[in-house]
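Biologist: Please take one strand of this model and go through it closely. I would like to know how it sits in the sheet, what surrounds it, and what the rest of the fold looks like from there.

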Amino acid sequence: MAPPTDLETVLKDEIKEWHFHIYFHQRNAASHHTALNLRDAVLRLRRDGAFVAVPLFRVNTEPIGPHPVGSYEIWVPAETFSSVFSYLCMNRGDLSILVHPLTRDQVNAAYPFHIPDHQVRNAWIGPPFPLDLDALPLRSEDIPLQYPSLKLGYSSKSEPFSLEDRRKLGANIEHLLKGEKEAARAPPR
């Protein structure tokens, strides 16, 4: 199946919120300490305006849900995803981090072995861990909203670029890249 290329469909399905799950070996004092230091650093950087990232208050010192080791969750809106991803890539030490989108599809009921958000749409920073996917709920009818008071992610009230503005932006990028011999060209419409 080919990925969609209809601009309206792609924009409608754009992911607005993400989870980063930082994993640590809960019985390893050094691993636990590294994870908590990273959490504190993220909180300080959020306070100082580097990015928006909201670690969940709870730090899981035992496996919970699909997570096989100690962990904590950081919610990140799309608006600052790249800044948080970059920071965690550069500063995770030897910790592993599961990154997954927040959509309605934690588990797809039509395909019980196809778990979009946690298995198919995920990414890992560092070595992956096996997840207990049976611990996840099926599809939700609601888009998961976290921290709506921030008015970011799915709760954003800002006007997105119009389809026409997006098309103009794309055409301008194509025009500017004509002189770049290493850049692939978009196929004709």
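Modeller: The strand to look at is β4: six of its six residues are buried, so β4 is largely enclosed by the rest of the structure. Buried here means a relative accessible area under 20%. This is a predicted model, and what follows should be read as such.

β4 covers residues 96–101. S96, L98 and H100 point one way from the strand, while I97, V99 and P101 point the other way, and all of them are buried. Burial therefore applies to the residues pointing in either direction from β4.

The sheet accounts for the two strands beside β4. Five strands make up an open sheet, in the order β2-β3-β1-β4-β5, with antiparallel pairing. β2 (54–55) and β5 (123–125) are the edge strands; each has a single partner, so one side of each lacks a neighbour in the sheet. In that order β4 stands between β1 and β5. Strands of a sheet pair through backbone hydrogen bonds, in either a parallel or an antiparallel arrangement.

Towards β1, the antiparallel pairing with β4 extends over six bridges. One of the residues involved is L98, which is the bridge partner of H21. Towards β5, three bridges join the two antiparallel strands. L98 takes part here as well, with W124 as its bridge partner in β5, and V99 of β4 stands opposite A123.

Next, the packing around the sheet. Helix α3 (residues 81–91) lies across β1 (17–24), β3 (70–77), β4 and β5, and runs at about 15° to β1. The largest nonpolar core has 19 residues, and F20, I22, I74 and L88 touch the most other members. β4 is among the elements that give two or more residues to this core, along with β1, α2 (29–47), β3 and α3. The largest share, four residues, comes from β1.

I22 shows how β4 is connected to these surroundings. Leaving aside residues up to four places away in sequence, I22 touches S96 and I97, as well as L95. The other contacts of I22 are A35, L38, G70, S71, Y72 and I74. L98 of β4 belongs elsewhere: a second, separate core of six residues includes L98 together with F129, L131 and L133.

Away from the strand, the structure holds four salt bridges. Side chains of opposite charge can pair when their charged atoms come close. R27 pairs with E62, with 3.4 Å between the closest N and O atoms. R27 lies in the loop between β1 and α2, and E62 in the loop between β2 and β3, so this pair ties together parts that are 35 residues apart in sequence. R27 is exposed, at 67% relative accessible area, and E62 is partly exposed, at 40%.

Two further pairs can be named. E14 and K16 form a salt bridge with their closest N and O atoms 3.0 Å apart; E14 is partly exposed at 34%, and K16 is partly exposed at 27%. R47 and D48 meet at 2.9 Å, N to O, and R47 is exposed at 60%, as is D48 at 55%. The residues of β4, by contrast, are buried.

How values were computed: Residues are numbered from 1 along each chain as its sequence is written. This is a predicted model: local features need pLDDT of at least 70, side-chain atom pairs count only at pLDDT 80 or more; totals for chains, interfaces and linings use all residues. Side-chain values use heavy atoms; hydrogens and water are left out. Two strands pair if DSSP finds at least two bridges between them. Contact means heavy atoms within 4.5 Å. Axes are lines fitted to C-alpha atoms, for helices over the stretch in contact, and angles run from 0 to 180 degrees between N-to-C directions. A nonpolar core is a set of buried Ala, Val, Leu, Ile, Met, Phe, Trp, Tyr and Cys residues joined through side-chain atoms within 4.5 Å. Buried means under 20% relative accessible area, exposed over 50%, partly exposed in between (1.4 Å probe, protein chains only). A salt bridge is a side-chain nitrogen of Lys or Arg within 4 Å of a carboxyl oxygen of Asp or Glu.
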